[in-house]
Amino acid sequence: MKTEKDASEKRFKNIILVSGLSVIFLLIAIFLTLTIASVPAIKTFGLGFFISKHWDPSLEKFGALPFLYGTLITSFLALIISIPFSIAISIFLGEYFKNGLLSTFLRSSTEVLAGIPSVIYGLWGLFLLMPVTRHIQTLLGLTPYGVGIFTASLILSIMIIPFSASIGREVVSLIPADLKEAAYSLGATRFEVIKNIIIPYARSGIIAGILLAFGRAIGETMAVTMLIGNSNFLPKSIFSPANTMASVIANEFAESTGIAASSLIYIGLVLFLVTTLVNIAGTYVIKKISLEASKEVT
Amino acid sequence: MFNWFMKFGFFVCIMMVCLFGFNVYAAEGELIGAGATFPQPLYSKMFDIYFQQSKIKINYQGIGSGGGINQLIKKTVDFAGTDAYMTEKELKEAGSSVLHIPTCLGAVVVTYNLPGNPKLKLTPDVISDIFLGKVKKWNDPKIQSINKDVKLPDLGITVVRRADGSGTTYIFSEYLTKVSKEWKEKMGTGKSLNWPEGFIGQKGNPGISGYIKQTQGAIGYVELLYALQNNMAFASIKNKSGNFIEPTPKTVSNAAKIKIPADTNVSLTDTDAKDGYPISSFTWLIFYKEQNYGGRTKQRAEALAKLLLWIVTDGQRYVEPLQYSPLPKEASDIAQKIVKSMTYNGKQILN
């Protein structure tokens, strides 16, 4: 009896081990596939690929700088726009209205926001944000394209709010009640409690949420493609049309062959590495900050 | 329990190998095709009717012309659809001889959004200048002088082009390469081009038309079919014979009323036909001439040949109701001849 149980234990352990290892295997396989497929482009363009700003399919000359730039600038802008909102939502849901109808409603609304397919965001952006941006551009005396970095960043910021807000809310609501009560008993106002207890304590969670949101913004494809204007040039202002790594792949891959396809995969490889780096940096920051935070509070 | 798991896992593995490892053809009585998305709605309609008549099921996936050609070369489909004639290189890659038959015609129209959406006339030079970014205002004398009866507004031109690689861009740029020397030098012909700065890229016909509809002063190019379905304004274009031709399924068909070579490898852009719309093109179905390959049965080859023959003959009556342009008689005759040249073990399949 006992031996049979041991055997099944062992089998279970093996299955878990295989499942766990398969994730690593998949990650390596993706990396290798991308690398192998991008070899022709790496050989032809080398590292100059990231400095060259010319993307010319007819001459087969490819450089990824406009896309790298477009991806980073839209993601950062989106992050900056979304941070105040996501922190406010986390504090509101985690501190002010933990329960009740309004809280449930707001919480499920943010969750639904996260679940909306990105093409819907794109369409909504086309019908609503584009005219708004166009109006702003007309007021500023710019060419009223309506699409471009600004519009794409706006839609991205809305798309990533749920990611940072849900983690933020989770952390804020986990803050021990005795800490807050202690502050109140010392005569602190609610704002002081938020400023001196909640934000420092929840900092690592909030930052984790923001990094997750950043990762999402970097990889977002469909909504950005619809709103960024897909112009393969370095943008001159935040209202210029631009392009991102994910959208150029989505746009051009289906009909490209040879060195063009290889260059797109090369961009894919870079996108893969950038997201991996963001993740690694994120984990590192979270670890460091949570150590500091625990020191500060205790 | 875990034993069962493992057995199940093994079973799944076997299934995967079966699905992806070998070249498995679908059941007899089902033909597979893939390729161009432009004629897909028409093919769906045709294949549906053909199924009702002959009980032969046809599965066509719109994966793009390039994808279709690849699938045919890899021999994973019975036939493929393409908007561009296969290149020398692709034909060589295919190994044995591949045949093309035109199934219908498509056209690219220049569409715009102006106050009141007047009917505009455009010449090849003006189109080239606009899409090179040289003419920047709607009331530019170059446009105004050919549209004397229209009061053009003092409005900037926003050019929208396809962001994705596309057969539409290919046909449009092929036309401009033929009619404009400057275009030929600066832009050339291709599925995606190095467009001037400041143009907006949008994905697919829906992306272009969506943007134009919302942007006063915008100009772009889409499939005729798409413009008709969405009630968009489009321009009449001056053809080689000097006539301004409004694109309609009829004038697009007219573009094919020229001498068509026996392999149908002809470009219809800038057509010699007097009343033909100049940015028209065939769309083709492609398949191997010798049908005995990869373990195909004779039955299967016969089913394919019969289907192809039906498409270029009786099937043509479903073309116009869907706003595509049907083959002129001469083109249909040549297509029939090509289908009849298909062989199985070197023997003609249909007589």
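**Notes on a predicted two-chain model**

1. A good place to start is in chain B, where β1(B), the helix α2 (residues 40-54) and β2(B) together make a right-handed β-α-β unit. Please keep in mind, as you look around, that this is a predicted model.

2. Let's stay with the two strands of that unit. Strand β1 of chain B covers residues 30-35 and strand β2 of chain B covers residues 57-62; they run parallel and are joined by six bridges. You can find the pairing residue by residue: Glu30(B) has Lys57(B) as its bridge partner in β2(B). Further along, Gly35(B) stands opposite Gly62(B) in β2(B).

3. Which strand pairs with β1(B) over three bridges? That is strand β3 of chain B (residues 79-82), and the pairing is again in the parallel sense. Gly35(B) is worth a second look here, as its bridge partner in β3(B) is Gly81(B). So that you can trace this residue on screen: Gly35(B) faces Gly62(B) in β2(B) and is bridged to Gly81(B) in β3(B).

4. Chain B also holds an open sheet of three strands, in the order β5-β10-β11, and its pairing is mixed. Why do β5 (121-122) and β11 (244-245) of chain B each have one side without a neighbour in the sheet? Both stand at the edges with a single partner strand each, so one side of each is left free of a neighbour there. Within this sheet, strand β10 of chain B (residues 236-238) pairs with β11(B) in the antiparallel sense, over two bridges. A pair to look for is Ile237(B), which stands opposite Ile245(B) in β11(B).

5. Now turn to chain A, which has 10 helices and two strands. Read from the N terminus, its elements run α-β-β-α-α-α-α-α-α-α-α-α. Taken along the principal axes, the C-alpha atoms of this chain fill a box of roughly 75 × 70 × 35 Å.

6. One helix of chain A deserves a closer look. Helix α7 of chain A (residues 190-219) has 30 residues, yet its end C-alpha atoms are only 38 Å apart, short of the 44 Å that a straight helix would reach at 1.5 Å a residue. Where is the kink in α7(A) centred? The place to look is Arg203(A), and the kink there is about 60°.

7. How do the chains meet? The contact takes 26 residues from chain A and 28 residues from chain B. On the side of chain A that touches chain B, the elements giving two or more residues are α1 (2-45), α4 (118-140), α8 (222-227) and α9 (245-252) of chain A. The largest share of that side, four residues, comes from α1(A). By type, the residues on this side of chain A divide into 11 nonpolar, 11 polar and four charged.

8. Finally, a word on confidence. The predictor gives the complex an ipTM of 0.79 and a pTM of 0.83. For chain B the mean pLDDT is 89, with 92% of its residues at 70 or more. Do check residues 17-26 of chain B, where the pLDDT is below 50; this stretch has five contacts in the model beyond near neighbours in sequence.

Technical notes
Residues are numbered from 1 along each chain as its sequence is written. Chains are lettered from A and ligands numbered from 1 in the order in which they are written. This is a predicted model: local features need pLDDT of at least 70, side-chain atom pairs count only at pLDDT 80 or more; totals for chains, interfaces and linings use all residues. Two residues are in contact if their C-beta atoms, placed from the backbone, lie within 7 Å. Ala, Val, Leu, Ile, Met, Phe, Trp, Tyr, Cys and Pro count as nonpolar, Asp, Glu, Lys and Arg as charged, and the others, Gly among them, as polar. pLDDT is the predictor's confidence in each residue, from 0 to 100. The expected span of a helix is 1.5 Å times one less than its number of residues. The bend at a residue is the angle between axes fitted to the seven residues ending there and the seven starting there. Two strands pair if DSSP finds at least two bridges between them. A crossover is right-handed if, with the strands pointing away from the viewer, the path from the first strand over the helix to the second runs clockwise.
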